[in-house]
Amino acid sequence: MPDVLGTVKDIITAKGTKFYLASTVPAITGNEVTDLAAFDGLTWGEVGMVESIGEFGPEGQIGTFTPLGTGVACKFRGTTDNGEVQLTIAKTTTDTGLLALIAKQGDPAESAFKIELSETGTGTGAKAQRYVFLGLVRSVRVSVGSGDEVVKLSVAIPITGALIEGAKANGT
């Protein structure tokens, strides 16, 4: 019987993961962009020196209604929130991707972002995956730290629509 559980050879390491900002946003058909191909034609600029990308992904809200007659709460699945990407980045003055990201802080227009996972793994099963989404740069905060630390930026990017996952595009 084949092994249906993942094994250590399937693990993808975080080392080599990259974060990108596009110079434009994909054309929107309907209420939001939900097609991975819509992001493929964009011009992407890498944001260098990213130390960490926090957790993100869909989280469902639970709505409630309590009828007076029973006093028992009825619960139902509500809206879904795809979260907020939290980046920690070393502050530099020459990284054009970082400078473009900083310039987006406070801009009311959405921007296109891509997180491309590493192809590095413990076996040949590692496959580069990417996440693309539209978002807003909510904050860019400076963390100076102590004498032996690198000055860092904490960047918060709420995901404003669909979070699309797929294999890395050829040539990117």
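In this predicted model, the loop that runs between strand 9 (139-143) and strand 10 (152-167) is home to Val151. With a relative accessible area of 31%, Val151 counts as partly exposed, because that label covers values between 20% and 50%. Val151 also has company at the surface: together with Val142 and Val144 it makes up a nonpolar patch, and the three share about 240 Å² of accessible area.

Moving inside, the largest nonpolar core is built from 17 residues, and Phe19, Leu101 and Ile157 have the most contacts within it. Two or more residues each come from strand 1 (18-22), strand 6 (84-90), helix 2 (96-103), strand 7, strand 8 (129-135) and strand 10. Of these, strand 10 chips in the most, with 4 residues. Setting aside residues up to four places away in sequence, Ile157 touches Phe19, Leu101 and Phe113, as well as Glu84, Val85, Leu87, Phe133, Gly135, Leu136 and Val137. A separate core of 11 residues lies apart from the largest one, with Trp44, Ala112, Val132 and Ile164 among its members. As a general matter, nonpolar side chains in soluble globular proteins tend to be buried together.

Then there is Ser111, which sits in strand 7 (residues 111-116). Ser111 has a relative accessible area of just 3%, so it is buried, the cut-off being under 20%. Leaving out residues up to four places away in sequence, the contacts of Ser111 are Leu21, Val25, Lys104, Phe133, Leu134 and Gly135. Phe133 and Gly135 turn up in the contacts of Ile157 too.

Methods:
Residues are numbered from 1 along each chain as its sequence is written. This is a predicted model: local features need pLDDT of at least 70, side-chain atom pairs count only at pLDDT 80 or more; totals for chains, interfaces and linings use all residues. Side-chain values use heavy atoms; hydrogens and water are left out. Buried means under 20% relative accessible area, exposed over 50%, partly exposed in between (1.4 Å probe, protein chains only). Contact means heavy atoms within 4.5 Å. Patches are made of residues with over 30% relative accessible area and no salt bridge: like charges are joined within 9 Å, nonpolar side chains (Val, Leu, Ile, Met, Phe, Trp, Tyr) within 5 Å. Accessible areas come from the Shrake-Rupley method with a 1.4 Å probe; for residues, only the protein chains shown count as cover. A salt bridge is a side-chain nitrogen of Lys or Arg within 4 Å of a carboxyl oxygen of Asp or Glu. A nonpolar core is a set of buried Ala, Val, Leu, Ile, Met, Phe, Trp, Tyr and Cys residues joined through side-chain atoms within 4.5 Å.
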